[in-house]
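Subject: Structure for you to look at

Hello,

I am passing on the structure we talked about, and my notes on it follow below. Please read them with the model open.

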Amino acid sequence: MTRQGSRRANSVRRAGTGSAPAKPLFIEHDLKADKERVGPHDHLTRAEVLALLPTSPLWPQRTYSRGMWPGTIRLAGAAKILDWLLTFPADGWQGRWLAAGADQGKELILALNEDDPRCAESKRNELMMGLNSLLISRVVLPRYVFLRGYKAMRLFKDVQQMFPAGQLDQMRDFGAEIGMTPRHIDEGLRVISSIILHTGRDLAQLTAEDVFYLRAVGRRETGEAYVGTHSAWDLLRGASVIDSKDTLKDALRHGQRPTAELVDAYNIQSTQVRNLLVRYLEERRPGIDYGTFRGLVRELAGVFWADIEAHHPGIDTLRLPDEVVDGWKQRLVTYVNKSGEVKERRSRIDVMMRVRGFYLDIQEWAHEDPFWVQWAVPSPITRGDGAGNHKIIKQTTSRMHQRVRERLPHLPVLLETPERVHREAVTLLEAARATPFNETFEHGETRYLRVLPKVNQVPSRLDHGSPHVYIKEVDSTARRINQSLVEDDAFWAWAIIETLRHTGVRAEELTELTHLALVSYKLPDTNEVVPLLQIVPSKSNEERLLLVSPELASVLATIIKRLRDANGGKVPLISRYDSHERVTGPQLPHLFQRRPYWQPQVMSEAGIKRALDRTLEATGLRDQAGEPLRYTPHDFRRMFATEAVTGGLPVHIAARILGHKTLTTTQAYLAVFQDDLVRTYRSFLDRRRAERPQEEYREPTAAEWHDFQQHFELRKVSLGTCGRPYGTPLQARTRLHSLPRSPNGPPPAAPPHRDHPEPPRAHPRGPRQRLARRSRRTPGQPRCRQRQAAQPQEHPHGRTSPARRPRHARPHRRRTTASTGCGRTLPPRLIS
C-alpha cells in the first residue's frame, strides 16, 4: 500500500538540526501506483455498444403513458455521446473519454444538444439517461472527481439494484445495528456505487485497496476523505465483502514499524553506517518501549548522523575529525520548529549522552562479537560534555515551579467556568428542543431560530432526521450552531478538568480509565468500605490505587450515568488506540469516550488539550505579559501535588499517589509560595512551642532587650554582622595582633577591649604537644636550640646561598588582616 521513496541527501538547515517531519499515523496510499483502468467493452464498435445497452437488467421494459418507449430515449442519448467521443483520436472508448476531457464534469456533455429546438429539460434528460446507460454497462469508467460532481442519485440507485440478492438489506441492517443513521447508510451506499462505477468490478470483487485509494483521492482533492468513505467501509464489512473487524481508522494505522523503515526515513547515504545503525537499534529495541525506541532512532539517525552527512557529504566512518564534531555540537544548540522559528534545544545534553552511549556500547560489544570490532572507535562525546545537565534540570524545574505559581491562583476561575458554560448550554438546548422547527425563541437577551437542515427537508429523505438540534441567532450572519454538540463539548470539558484536578493523573492515564477501574476496599479495623480508583501502568509502568474523594465520586458517577443514558443502560465496549506504543487495546468500558458519529471513540490526548483550550477561551485569563494563559493536562498534575503537600500530605505519600519511583521527581513538582513558607514555618514554631515548658517563654526585661540590641549594633563590620553568639566572651586566640611593633622592642600595648579575653585553653594532649606543633618539633626534642652563627652555605652545584638568619632576627612583617573572633576578618583599612 505504500512505496519507499528514493533516498536523497538531507537539505542543509541554516539554524540547528531540526527534527525530521512527523510520521503520519495513517497509511497514505500511493496514487501513482495505480494505472488508468479500462472497461470490459472498451474496444467495441459504436453499433456493438448500442446493441449491448438493452441487455442490461435495468433496461426499461415498459412504455410511458404517451406511448413513448424509454429505451428509445436512452439509445438516442447514448448515440449522441458516442458520436461525440469518436471525434477524438484515441485507442478505445476510455482513451477517447479522457481525450475529450469528459472527466472534468458533465457540462461538456450537456452542451451537445444546444442546437436542438426542444425544451431544455427534454434535451438534458435524453443525454443524462444515455450517459447513465453507458456508465452502468461499463463502456467508460469515470474518475471519482467526475462522480462527485455528477450527483446522479438515480444512477447510484440503479447500481445498488444490481447488488446480489439480499446484500443491500444485509448492509442496511448492519449499519442500523452499529448505530448508523439512515443518512449515514445512504452516504456509504453512494460511495460503494462510485467505487463499482470507477473500478468496473462487481460488489463481491471489491477489496480494501479500493477504499484506501478512494480515501487517498479525497485527501488529494479536498484535504480529507470524501463523505461516506468510513460508512462505506463498515457496510462492506457487514456484507462480508471486506474481511476485517477493524474500522477504517484502525485499518489505516501503521502500527509499530520495522527498524529499517524507521532508519530509512532519514535518507542516510552511507550504506555501511545505515546497516550499522539498523543492527545497533535492533539490539536495543527489545529492552525499551516503542515510544522511547522511536526517540532513539530520531536522535541517532536523524539529529546525529543525517545532520553530519548533510554538512559533510561522503563521510562513512564513526571516527569523526574534531572539526566535524565541534560543528555538530554547535548546530545542536538550536533547531528550527514547524513554523520556521529558531529555538533553543533544551535536550541537547541528553542527545549527546545517547550518542556517547552509542559509541560505548559498540566498544563493549566488540569484546564478544567480531562484527563490532571495526566500528569500535573512541567516542567524540566526552564525559565533560554532560557537565551542564544539572543546570538545565534546575532551569527546567524552575520553569515548572513558575508555571504552577502563575496558574494555581487562577484555578478557582478555571473550575467555575466549565460548570457555568455547561449549565448555560443545557438550558439553551432544552429551550431549543421545546421549540418547533423554523420558529424563534428567546434565551437570555438573545433570540434564536430553530433550524431544520436542508438535507432533512428533501421529501425523499424525511427518514434522515438528525438527533442534533440546530439553532441560529435571529438577524445574524453567523453560521448555524449545533447546540447538541456545544452541550456535549461543555460537559466533557467539565469532566476532564474535574478529574484531572482531583486525581493528578497524566493525560494518557485519563484516557485509560474504565468502569472496571472503580473498585472497593474494606478497612480491616473498622470494616468500612472505601472506593478506590485503579490507575493502570503507563509512563513509569507503575500501577497504583487512588482513594476516591466524594467530589471525584460525584464526577465519575455523572460520567457513567451519561454514558448509560445514551447507550441503552450500559457503557459501550470499545478499543483504545495507544498512540505511543502504536497498538490497539482490547474492548473495555472506557469512561472518556464520545460518539462523534455512529462509532464511539476513546478521547485522544489532543482532544483533551482542545477541550482545555476552549474552556480557557471562555475564562479570558491572561498572564503577566497580557497573553492568553495556557494550561496543559500536566499542569493539573503539578498543582495537585503542590496543593496536597502544602495541605499536610507527606511527600512520600504524594509520590506513591503520583506514581513516582523517587522522591526527587515529586519534589521537582512542588512549587513553594512565600506565604505558604511563612505560614508553614509559623505552624512549626507554634507546635514546637506548645511542646516546650511554658516557663521558658517569658517576656525579656528592658535591660536584656537593650543589651541584645547593643550587641548587634556594636558588632557590625563592613562585610556583615558579627557571628559570635550573644553573651559569649571574646576568646584569647581571636585578639588582634596586627598593631605595628618595633623590631628591637616589645610591641605596644593594645587598646582595651570591652570583653575580657579568656585565658588560653589547654591542649587536649598536654602542653608539650601544643608547643611542639607551634615550633614544628617532635615531642622530646629540646624546647630551645641555639642556632649556629649565620655563615654562607655551600650550594650543591657550586653556588653560594645566603645564610639564613635566626627567626628572632628577621624583620617583622605587618599582617594585612586580623581576626575579629566572629568567624570574619577585618580588611586592611580597619586595622590600626
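Start at Phe441, which stands opposite Tyr448 in β4. The model you are looking at is predicted, and this pair is a convenient way into one of its sheets.

**The sheet of four strands**

Phe441 and Tyr448 belong to the pairing of β3 with β4, which is antiparallel and runs over 4 bridges. Between these two strands there is a hairpin with 2 residues, and Gly444 takes a positive phi there, near 70 degrees.

On from β4, the next partner is β5. Residues 446–451 form β4 and residues 470–473 form β5; they too pair in the antiparallel sense, again over 4 bridges. Arg450 is a useful marker here, since Ile471 in β5 is the residue it stands opposite.

Put together, this is an open sheet with the strand order β3-β4-β5-β6 and antiparallel pairing. Its edges are β3, at 440–443, and β6, at 481–482, each of which pairs on one side only. Helix α19, covering residues 411–433, packs on this sheet and touches β3, β4 and β5. The direction of α19 makes about 155 degrees with that of β3.

As background, strands of a sheet pair through backbone hydrogen bonds, in either a parallel or an antiparallel way.

**The sheet of three strands**

Further along the chain there is an open sheet of 3 strands, ordered β7-β8-β9 and likewise paired in the antiparallel sense. The edge strands are β7 (518–522) and β9 (544–547), and each has pairing on one side only. Neighbouring strands in this sheet are turned against each other by 45 degrees on average, with direction ignored.

The pairing of β7 with β8 (residues 529–535) is antiparallel over 5 bridges. To find it in the viewer, look for Leu518, which stands opposite Leu533 in β8.

**Confidence**

How many of the residues score at least 70 in pLDDT? The share is 77%, and the average over the protein is 79.

Two stretches should be read with that score in view. Over residues 753–758 the pLDDT is below 50, and the model gives this stretch 16 contacts beyond near neighbours in sequence. Residues 762–778 also stay under 50, and for them the model has 13 contacts beyond four places in sequence.

That is what I have on this structure for now.

Regards

Terms used:
Residues numbered from 1 in each chain as written. Predicted model: local features only at pLDDT ≥ 70, side-chain atom pairs only at ≥ 80, totals over all residues. Heavy atoms only, no water. Pairing = 2+ DSSP bridges. Contact = heavy atoms within 4.5 Å. Axes fitted to C-alpha atoms, helices over the stretch in contact; angles between N-to-C directions. pLDDT = per-residue confidence, 0-100.
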